[in-house]
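Here is a short briefing to read with the model open beside you. Take the topics in any order you like.

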Amino acid sequence: MATSGSKSVAVTSWDTLKFSWSENSQSVTNNTTTISWTLQLIATSSGYISSSASKSWSVTVNGTKYSGTNTVGISNNSTKTLASGTTVIAHASDGTKSFNYSFSQQFDINFDGWIGTVSGSGSGTLDTIPRKSTLSVGNGTLGVEQTLTITEMASSFTHKVYAESGTSGKVYILGTASATSTSLSFKWTPPDSLARQNTAGTSVSVKFTLQTYSGSTLIGSNSYTKS
């Protein structure tokens with residue numbers, strides 16, 4: 001993972017076309033990263049280009065294409081920004097994201113030979129965005145208190161936990177149907193009333209569901225079935 005990256009392509013022996021990107025911000029709620037990017041022409045001591053004609057440029061970031069026109073005239077030992085922008089990139093459901101980019105710049109100049117359009121491409125991997133938390137719960141005994149523990153991916157997350165068994169309906173044991181909790185370790189005693197859900201044998205199957213929230217937005221859910 002990285003917060004920035006770049007790709008350089010030679011234009012002449014003294015000029016380089018460079019695409020750079022960097023992370024601006026991440027939204028845990030929206031599961032997105034906003035990046036800034038620039039397309040630059042870099043000239044060294046003999047990289048002077050005399051050109052005032054309008055030229056075309058194109059940049060594609062994670063499938064989104066940008067294009068326009070500019071000029072490529074540049075002095076020795078200087079850097080010129082040919083294009084720039086920002087792109088919002090959606091992450092996968094687990095918070096990870098790699099993306100591809102490509103870029104091109106029209107030159108159409110004579111510089112020790114004809115130079116037409118120069119292009120390049122590359123890829124980047126963004127910082128992972130924290131996603132849904134996990135719940136640690138063991139096989140319990142009706143009427144006996146047990147401890148449940150949440151491992152959260154971000155300290156700003158809140159949670160709801162509820163249990164279900166057969167037709168008993170949801171029993172909220174952390175937070176409520178309308179409110180979340182910041183607790184990460186809590187105790188719960190499975191009620192003896194769940195015994196009526198036993199249709200065979202000596203055990204009762206209980207499904208625990210952990211819901212993870214960022215503010216009022218549901219990040220995701222994990223479910224665990226215990227007996």
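Strands here are DSSP runs of E with at least two residues, numbered from the N terminus, and two strands pair if DSSP finds at least two bridges between them. This is a predicted model, in which local features need pLDDT of at least 70 and side-chain atom pairs count only at pLDDT 80 or more, while totals for chains, interfaces and linings use all residues. Residues are numbered from 1 along each chain as its sequence is written, and side-chain values use heavy atoms, with hydrogens and water left out.

**The sheet that contains β1**

- Four strands make up an open sheet in the order β1-β2-β3-β6, and their pairing is antiparallel.
- β1 (4-10) and β6 (78-90) are the edge strands; each has a single partner strand, so one side of each is left without a neighbour in the sheet.
- From one strand to the next, the twist averages 15°, with axes taken as lines fitted to C-alpha atoms and angles running from 0 to 180 degrees between N-to-C directions.
- Starting at the β1 edge, 7 bridges link β1 to β2 (residues 15-27) in the antiparallel sense, and V9 has L17 in β2 as its bridge partner.
- β2 then runs antiparallel to β3 (residues 32-43), joined to it by 12 bridges; S25 is partnered by T34 in β3.
- The connection between β2 and β3 is a hairpin with 4 residues between the strands, and N31 in the turn has a positive phi of about 60°.
- At the other edge, β3 and β6 are antiparallel partners over 12 bridges, with T79 in β6 as the bridge partner of I42.

**The sheet that contains β11**

- A further open sheet of 4 strands follows the order β12-β11-β14-β15, again with antiparallel pairing.
- Its edges are β12 (171-174) and β15 (217-226), each of which pairs on one side only.
- The twist in this sheet averages 25° from one strand to the next.
- β11 (residues 158-164) meets β12 over 3 antiparallel bridges, and Y162 stands opposite Y172 in β12.
- β14 (residues 206-214) and β15 are antiparallel over 9 bridges, where F208 faces Y224 of β15.
- β14 and β15 also form a hairpin with 2 residues between the strands, in which G215 takes a positive phi near 65°.

**Around Q106**

- Q106 belongs to strand β7 (residues 98-110).
- Its side chain makes a polar contact with the side chain of D108 at 2.6 Å; such a contact is a pair of N or O atoms within 3.5 Å, where within protein one must be able to donate a hydrogen and the other to accept it, and residues adjacent in sequence count only if both atoms are side-chain atoms.
- Beyond its neighbours within four places in sequence, Q106 is in contact with S54, K55, S56, V72, G116 and T117, contact meaning heavy atoms within 4.5 Å.

**The cavity**

- A cavity is a set of points, on a 1 Å grid over the protein atoms alone, where a 1.4 Å probe fits but cannot get out, and lining residues have an atom within 4 Å of a point.
- Grid points are joined across faces, edges and corners, and a volume is the space filled by probe spheres set on the points.
- How many cavities of 30 Å³ or more are there? The count comes to 1, and the largest cavity holds about 30 Å³ of space.
- Its lining consists of A163, E164, S165, S168, V171, W188, L194 and V206.
- By class, that lining has 5 nonpolar, 2 polar and 1 charged residues, where Ala, Val, Leu, Ile, Met, Phe, Trp, Tyr, Cys and Pro count as nonpolar, Asp, Glu, Lys and Arg as charged, and the others, Gly among them, as polar.

How values were computed:
1 Å grid on protein atoms, 1.4 Å probe; cavity = no way out; pocket = protein on both sides within 12 Å on 5 of 7 lines; lining within 4 Å.
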